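Grab a viewer and work through the exercises below. Each one sets a task and then walks you through a solution.

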Amino acid sequence: MPYSDLRDFLQLLEKKRLLHKIKVDVDPILEISEITDRMSKSLNGGKALYFEKVKGSSIPVVTNIFGSFDRMCLALEVERLDDVGKRIEKLFNQSPPKSFKEKIKTFFELIEISKYLPKKVKDAPCQEVIDNKPDLSKLPILKTWPFDGGRFITLPMVFTRDPETGKQNCGMYRMHVYDEKTTGMHWHIHKDSAMHYRKYKELGKIMPVSVAIGSDPAVIYSATAPLPYGVDEMIFAGFLRKNSVEMVKCITSDIEVPANAEIVLEGYIDPQELRDEGPFGDHTGFYSPVDKFPVFHVVCITHRKNPVYPATVVGKPPMEDCYMGKATERIFLPLLRMQFPEIIDMNLPMEGVFHNAAIISIRKQYPGHGKKIIHGLWGMGQMMFSKLIIVVDEDVDVQDLSTTAWKVLNNVDWRRDVIIAEGPVDELDHSSSMPRFGGKMGIDATRKTREEGMMRDWPEEIKQDENIKELVTKRWHEYGF
C-alpha cells in the first residue's frame with residue numbers, strides 16, 4: 001500500500017530508526033540549516049530530522065527525509081532505485097498481444113495503469129483549517145545561509161494551469177518570502193510553469209497559483225521530475241505509488257492540489273509584476289544572485305490540524321537533493337534508452353549538481369558513434385543543460401568513478417576526441433559569460449578505430465591469467481594474509 005501522507009512515511013522512518021527527533025528549541029534562522037548540513041554530510045547521509053520545537057512557530061519542521069539511498073528507496077517503495085526504471089521499461093516495451101492469454105494479461109495491465117490517474121475528492125485533510133487572513137510568518141520557514149536574501153520555502157509543490165489546454169503542472173521552485181502575504185516565484189525560463197506564466201502575460205490575465213507543502217513522498221518527488229511538457233506530474237506520482245493521488249479543488253480557484261498535503265498556499269501572480277529575488281545559497285554550492293522574478297500573492301492558507309512543515313537544505317554536495325537527483329538518473333535512464341538503445345548506463349555525479357556532468361556508457365557500433373550520442377543528448381529535454389558529457393565503452397562501469405577516470409584519461413586524444421559547443425545552460429550556472437547560454441564540452445572516450453583517424457593499433461588492456469588468479473585465490477591464506 002502507498003503511504004497515505006507525509007506522516008505515514010515519517011512513522012516508518014522512525015520505526016526503522018532512520019529519523020532523529022530533536023526536542024530542544026531550535027532557530028529556523030541558520031541553526032536548523034547547520035544541523036541539517038552536518039547530518040547530510042555524515043556517513044551515508046545520516047538520518048532524517050524532526051525538529052519538535054521551532055522558535056517563532058507552533059509547527060514542527062522535518063528535513064533530510066530523502067537524504068540517503070535507503071530513504072530514497074523507502075520513499076519510492078522499492079528495493080533499488082533501478083526498479084522504477086524497469087517498470088517504465090516494461091510499460092513502454094510491451095509488444096502487441098498475440099494469444100488470447102496475452103490479450104487478457106494486457107487488458108488487466110491497462111486496468112492497472114488506469115489506477116494511476118488522479119482522483120478528485122470533495123473533503124480533504126489539507127482543508128481541515130481554512131484561513132482567509134493568511135500570515136506566512138506563522139510558518140517555520142527557514143533561512144539557510146548567512147547571505148540569503150531572507151527566508152525561503154524550499155520544498156514547495158507549485159501548481160499552475162495552462163490557460164489554453166487546462167492541463168495542470170506541478171513543479172518545485174524556491175519561494176523567497178518578502179512579507180506575510182507575498183513571496184518570489186523562482187521558476188526558470190525553461191520550466192513548464194514559466195511557459196504558463198508567459199501565456200497568461202500574453203492574454204493579459206491574472207494567473208492563479210497554488211502551492212502545496214508536504215505530501216506523501218512519491219508526490220513530493222514527482223514535483224522535481226523532468227517530465228515532458230504537458231505530462232501531469234500527479235499521474236507520474238500515481239505510477240510511482242501504484243495508486244491514484246487524491247486531489248481536491250482549492251477554496252479560491254479551480255486549481256487542484258493533493259488532498260493529503262500538510263499546508264496549501266492559495267493565491268495568484270500578476271504577470272506584469274516583478275520584484276528582486278535572492279540571493280540564495282543554492283544546490284551548486286554558491287549563492288545565486290539577485291534577479292527579477294514574478295511575485296506570488298497569498299490570499300488563503302489551508303492546512304491540516306497540527307501540520308508538519310517539510311523543508312530541504314541545499315548547498316555544497318552531498319546533500320538531500322543529490323539523492324533525489326540520483327533517483328531521477330535511475331528512473332529516467334529507460335526513457336533515454338528508448339531514443340538511444342545503445343546506451344548501457346549513465347552516471348550524473350553528485351559533484352556535478354545535476355547539470356554539470358553526465359557520464360554515459362554505450363555499445364559502440366560504428367565510427368563517430370560516441371559523438372553522435374553527445375550531440376543527441378544535448379537535444380534531449382533537460383539533458384540540454386549538461387555542460388560536460390563523457391561517453392565510454394560498454395565495458396566501463398560508469399558508477400566506478402576511479403576506473404572511469406583512468407579509462408577516460410588514457411583513452412582520449414584531446415585534439416581528436418573533444419567537442420566544444422554552445423547552447424542553453426541551467427539558470428543557476430554562474431560560470432557562463434551570459435545568463436542561460438554558454439559553452440559545453442563533449443568527450444568521446446571510446447576506443448578509436450582506423451575510420452576515426454586512429455592510425456595505430458589499440459593496445460590490449462592488462463589482465464591476469466584466469467588460472468593464476470584462481471590459484472592465488474585458493475592459496476591466499478597460505479601467504480599469511
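**Exercise 1: a run of antiparallel pairs**

Strand S11 (residues 207-213) pairs with strand S14 (residues 263-277) in the antiparallel sense, over seven bridges. Keep in mind that this is a predicted model. Your task: find the bridge partner of Val209 in S14, then work out how many bridges join S14 to strand S17.

Solution.
- Step 1: go to Val209 and look across to S14, where its bridge partner is Gly267.
- Step 2: now follow S14 to S17 (residues 291-303); these two run antiparallel and are joined by 11 bridges.
- Step 3: check one position there: Leu274 stands opposite Pro294 in S17.

**Exercise 2: an open sheet**

Take the open sheet of three strands and work out its strand order, then say which strands stand at the edges.

Solution.
- Step 1: the order is S4-S12-S13, and the pairing is mixed.
- Step 2: strand S4 (119-121) and strand S13 (256-258) each have a single partner strand, so they are the edges, and one side of each is left without a neighbour in the sheet.
- Step 3: from one strand to the next, the twist averages 45 degrees.
- Step 4: look at S4 and strand S12 (residues 246-249), which pair in the parallel sense over three bridges. Lys120 has Met247 in S12 as its bridge partner.

**Exercise 3: one helix, one face**

List the buried residues of helix H10 (residues 369-377) and explain why they line one face of the helix.

Solution.
- Step 1: with buried meaning under 20% relative accessible area, the list is His369, Gly370, Ile373, Ile374 and Leu377.
- Step 2: look down the axis of H10: these buried residues fall within an arc of 145 degrees, so they line one face.
- Step 3: the background is simple: an α-helix has 3.6 residues a turn, so residues three or four places apart point the same way.
- Step 4: ask what covers them. The cover includes helix H9 (320-339) and strand S19 (343-347), along with strands S20 (358-362), S21 (388-393), S22 (418-424) and S23 (437-444).

**Exercise 4: backbone oddities**

Where do the cis bonds to Pro279 and Pro318 sit, and what is phi of Glu77 and of Lys242?

Solution.
- Step 1: Gly278 and Pro279 are joined by a cis peptide bond, omega about -5 degrees; Pro279 lies in the loop between S14 and strand S15 (280-281).
- Step 2: the bond from Pro317 to Pro318 is also cis, with omega near 5 degrees, and Pro318 is in the loop between strand S18 (309-310) and H9.
- Step 3: Glu77 is not a glycine, yet its phi is positive, near 60 degrees. Lys242 has a positive phi near 60 degrees too.

Conventions
Residues are numbered from 1 along each chain as its sequence is written. This is a predicted model: local features need pLDDT of at least 70, side-chain atom pairs count only at pLDDT 80 or more; totals for chains, interfaces and linings use all residues. Side-chain values use heavy atoms; hydrogens and water are left out. Two strands pair if DSSP finds at least two bridges between them. Helices (H or I, at least four residues) and strands (E, at least two) are DSSP runs, numbered from the N terminus. Axes are lines fitted to C-alpha atoms, for helices over the stretch in contact, and angles run from 0 to 180 degrees between N-to-C directions. Buried means under 20% relative accessible area, exposed over 50%, partly exposed in between (1.4 Å probe, protein chains only). The arc is that of the directions from the helix axis to the C-beta atoms. Contact means heavy atoms within 4.5 Å.
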